[in-house]
Amino acid sequence: MIGQFFISSILSALFPQQCFGCKVVGKTICAHCIQAIVYDPQIVSRQTISIYTCFDYHLSVHPKLMEGWKYFGNQDVFKFLLQSIQLDLSDYDFIIPVPLHKTRIAEKGFSPPLQIAFSLSELFDIPLQESIKRTKKTSPQAKLSRQKRL
């Protein structure tokens with residue numbers, strides 16, 4: 001127990017917490033970067049599916065926050081992003097995450113879409129259905145515009 005605290009203290013001193021947006025030392029997300037976030041919630045319907053987006057991935061600090069979570073697994077960033085979701089899901093019967101290919105899950109160490117879906121399912125008490133399977137490895141969508149991703 002004392003050994004873990006000691007190691008944690010040394011690591012914190014050597015690698016202090018930095019804002020994922022601007023790299024200022026102190027917090028995972030600083031007040032300046034929080035104010036820079038532009039919320040632009042949209043629900044796009046495709047056939048019988050509704051897709052929700054809470055902000056444009058390519059604006060200001062957004063890509064850095066998303067990278068902090070998706071590529072570094074930072075749960076503080078994830079919790080912040082989850083709290084940023086401003087929507088009412090009361091009309092929805094279930095949540096279906098769009099799965100990643102198994103090689104992308106291996107690269108990241110987790111599935112961001114599944115984590116979002118699971119958290120929303122718990123938060124809004126809506127059943128989670130993992131009913132689709134990715135069989136084809138496609139290119140990452142991170143560099144695509146919002147319209148091309150949807």
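**Local environments in the predicted model**

Asparagine 74 lies in the loop that separates α3 (62–70) from α4 (75–84). In this predicted model, the residue has a relative accessible area of 18% and is therefore classed as buried, the limit for that class being under 20%. Beyond its neighbours within four places in sequence, asparagine 74 is in contact with Phe20, Thr28, Gly68 and Trp69.

Trp69, one of these contacts of asparagine 74, also belongs to an aromatic cluster, which it forms with Phe78 and Phe110. Two aromatic pairs are present in the structure.

The cysteines were examined next. A search of the whole structure returned zero disulfides. For cysteine 30, the closest cysteine sulfur is that of cysteine 22, at 3.6 Å, which is too far for a bond because a disulfide requires sulfur atoms within 2.5 Å. Cysteine 33 likewise takes part in no disulfide, its nearest cysteine sulfur being that of cysteine 19, 3.6 Å away. Cysteine 30 counts as buried, with a relative accessibility of 11%, and cysteine 33 is also buried, at 4%.

At the surface, Phe94, Ile96, Val98 and Ile132 make a nonpolar patch of about 330 Å². Of these patch members, isoleucine 132 is placed in the loop between α6 (112–124) and α7 (146–149). Its relative accessible area of 45% makes isoleucine 132 partly exposed, since this class covers values between the 20% limit for buried residues and the 50% limit for exposed ones.

Note on methods:
Residues numbered from 1 in each chain as written. Predicted model: local features only at pLDDT ≥ 70, side-chain atom pairs only at ≥ 80, totals over all residues. Heavy atoms only, no water. Helix = DSSP H or I, 4+ residues; strand = E, 2+ residues; numbered from the N terminus. Buried < 20%, exposed > 50% of the residue type's maximum accessible area, 1.4 Å probe, protein only. Contact = heavy atoms within 4.5 Å. Phe/Tyr/Trp six-rings, centres within 6.5 Å; stacked < 30°, edge-to-face > 60°. Patch = residues over 30% accessible without salt bridge, like charges linked within 9 Å, V, L, I, M, F, W, Y side chains within 5 Å. Areas by Shrake-Rupley, 256 points an atom, 1.4 Å probe, with all protein chains shown as cover. Salt bridge = Lys/Arg side-chain N within 4 Å of Asp/Glu carboxyl O.
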